[in-house]
Amino acid sequence: MTTTAPPADLPSATPAANIYAPARAILIGGGPAGLMAAEVLARAGVAVDLYDGMPSVGRKFLLAGVGGMNITHSEPREPFLSRYRERRQEMAALLDGFDADGLREWVHALGIETFVGSSGRVFPRDMKAAPLLRAWLKRLRELGVRLHTRHRWLGWDESGALRMATPEGERRLRADVLVLALGGGSWARLGSDGAWVPWLAARGVPVAPLKPANCGFEVPGWSPFLRDRFAGAPLKSVALSLPGEPPRLGECVLTQWGLEGSLVYALSAAIRTRIEAEGFAEPTLDLLPQRTLEQVRTALAKPRGSHSMAKHLHRQVGIEGVKAALLRELAPATAFADPSRLAQALKALPVHLVATRPLDEAISSAGGVRFEALDQASMLRDLPGVFCAGEMLDWEAPTGGYLLTGCFASGRRAGLGALDWLRRTREAPESSRP
């Protein structure tokens, strides 16, 4: 059911909130985190100027919605939080105030209905990102948020003013509070190029190196046959396993250099970590997850008579096309003469992965501003009045709604933290400003 009221934990644009009216906030970054922080501040009566280097805001958000806008996920809290791996505790603190249910309520308040798909993923009713973004930008403009596109942040000058490259030339800007939501290092063409890293590092902010997340991985040389005939082919209804990680069921894509797709992304952090530590990772693919090993072994042990092995595999266990080609590519030739060994290969086919694809090809990035550099309000401890949000923070999550939920929640936390900072600086005027 669609609602129209804003979530209860966001400030309301009421006269009483205008204790912040003389204050000015600058937000840099027009993705979900920056826009959410802008909404929180504007609802409290703060004058908000949001700057983005691209010709329009929300470009990565829109591209992520191509093929279906997956806004969040409906799974219970504990498995949901486990998707954030080493940063589970920090992300739990962000999601305490704005979890998947809170995000859905917020979307409904924009007049956009949502539904839960068969996979548990949550989508807008029309599956599109553009209507949601249009409704959101309309709300922000009504709240008084001023959007400045084609304005690229260049860091700080010697006096601490913000340097901003604009179509009219470079400008210097100051504000009462600053929120940075600059994205990570993936998809540079959409504005997330990691250019901010040296500027923050030069000011003593600890930044973990940016690395590919939700990315593809390289196999050291597919055969020309497999690469030429099957690059781009989906591997559907398979399971991927890595020692120490729960197996994942879904689909992925065979590419000219290796594997990618949602199933791979679910394990990308673990695979990348294994490659960094050992030089390679060797997950196994179950090409027949709907059948037990014994069922596969029994089916393959049936006499094949005059039929070829390819025909036998097709008739007995439904293996054909890209799955059959991948089996031939990776299973030892001797396995095809032994039904038991062949069944084992079908149920646990090792794939030797040696490298991630380049950062700019990744859907998102790991690394960024370390949480240890922030206080509980997402303010940089060494830069009072400067807050950070979104993918520029040192966390990662798989696709499926987890990444986007984390960006929204971190933007909300930064916005609320900035409001608290403004309140405290008014009570103590001698406090430093960004």
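Q: Which residues does Val369 touch, not counting residues up to four places away in sequence?
A: This is a predicted model, in which local features need pLDDT of at least 70, side-chain atom pairs count only at pLDDT 80 or more, and totals for chains, interfaces and linings use all residues. Residues are numbered from 1 along each chain as its sequence is written, and side-chain values use heavy atoms, with hydrogens and water left out. A contact means heavy atoms within 4.5 Å. By that rule Val369 touches Trp196, Leu200, Val205, Pro206, Val207, Leu374, Leu380, Cys388, Met392, Leu393 and Asp394.

Q: Which helix gives the largest share of the largest nonpolar core?
A: A nonpolar core is a set of buried (under 20% relative accessible area, 1.4 Å probe, protein chains only) Ala, Val, Leu, Ile, Met, Phe, Trp, Tyr and Cys residues joined through side-chain atoms within 4.5 Å. The largest one has 86 residues, and Val369 is among those with the most contacts inside it. Its largest share, 11 residues, comes from a helix (a DSSP run of H or I, at least four residues, numbered from the N terminus). That helix is H15, residues 402-427.

Q: How many residues are in the other core, which lies apart from it?
A: Among the members of this other core are Ala233, Leu287, Ala325 and Val351. The core has 45 residues.

Q: Why are the buried residues of H11 on the same side of the helix?
A: In H11 (residues 293-300) the buried residues are Val296, Ala299 and Leu300. They lie on the same side of H11 because, by the directions from the helix axis to the C-beta atoms, they cover an arc of only 95°.

Conventions: Buried < 20%, exposed > 50% of the residue type's maximum accessible area, 1.4 Å probe, protein only. Helix = DSSP H or I, 4+ residues; strand = E, 2+ residues; numbered from the N terminus.
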